[in-house]
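Colleague: Could we go through this model together? I'd love to hear about a few of its backbone angles and its core.

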Amino acid sequence: MYGAARGLDNFAMLDVSTGLGLGVVSAGRPVTGNNGLAGELGHITVDARGLLCGCGNRGCLETVATDSAFARRVSETTGRQVEVAEALELLQRGQLLGSDALERTIEYLAIAIAAVINVFNPATLFVHGKLLGADSMIFGRVLDEAKKRSLGVSFEDCRILLAEGNKRVGAIAGVIQSLAEAWAPSWADLHPGKSGGGAPIGKPLSKQF
Ligand SMILES: [Zn+2]
């Protein structure tokens, strides 16, 4: 309903920060799953013996493909605690170019993007993250790597853009979406002729009270 996604029927939003969040709209509807937990891409296992994740599993994508994972790798390299902001500063100064910390993070961010493209086949994929937005060269490298790891047709037909909003905007949109789901007339009510014989397509937007 808002921002760069207005009017788009098939898009995904990948949010990279301390965690890895994904929202998907397919055929004009948010993909929610049974409990609203569909799209938990961050908790698929990419390293069977990897680091313990906040969810209790080991080696989740979230442990390796985030801004925090980048800072952790830089900390390991420098031998001291480095936060995301400082890691990005070191990057801007050119001190991390070619480093294992940067290369591994680029690799896993690309794996995350390729996974979204292969699983959900979005026409537009918005990505949001401090490392991704820090440098157009890095963003380009992530996309080159994601292309290698994606199904060709799905990748070629997908626009991948840096999101221009922020978490606050996203939170407000989420509240509006929730209210709309609770109180708006159902899709079937608004489009009685489009369901092929009167039956609603999928779940109506409104909940029954
Ligand atoms: Zn996890």
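Colleague: Which loop holds asparagine 121, and is the residue buried, partly exposed or exposed?

Modeller: In this predicted model, asparagine 121 sits in the loop that links helix 3 and strand 4. It has 17 C-beta neighbours inside 10 Å. Burial would need 20 or more, and 12 or fewer would make a residue exposed, so asparagine 121 counts as partly exposed.

Colleague: Nice. What is the phi of asparagine 121 near?

Modeller: Asparagine 121 is a residue other than glycine, yet its phi is positive. The value is near 50°.

Colleague: And alanine 27, is it buried or exposed?

Modeller: Alanine 27 lies in the loop between strand 2 and strand 3 (29–30), and its phi, too, is positive, near 50°. Within 10 Å there are 9 other C-beta atoms. The limit for an exposed residue is 12 or fewer, so alanine 27 is exposed.

Colleague: Let's turn to the core. Which element gives the most residues to the largest nonpolar core?

Modeller: That core has 47 residues. Elements giving two or more of them include strand 1 (11–16), strand 4 (124–128) and helix 5 (136–149). The top contribution is 12 residues, and it comes from helix 3.

Colleague: Which residues is valine 116 in contact with, leaving aside its neighbours within four places in sequence?

Modeller: Happy to list them! Val116 is among the core residues that touch the most other members, alongside Leu14 and Leu125, for example. With neighbours within four places in sequence left aside, the contacts of valine 116 are Ala12, Leu14, Leu22, Leu41, Pro122 and Leu125.

Conventions:
Residues are numbered from 1 along each chain as its sequence is written. This is a predicted model: local features need pLDDT of at least 70, side-chain atom pairs count only at pLDDT 80 or more; totals for chains, interfaces and linings use all residues. A nonpolar core is a set of buried Ala, Val, Leu, Ile, Met, Phe, Trp, Tyr and Cys residues joined through C-beta atoms within 7 Å. Helices (H or I, at least four residues) and strands (E, at least two) are DSSP runs, numbered from the N terminus. Two residues are in contact if their C-beta atoms, placed from the backbone, lie within 7 Å.
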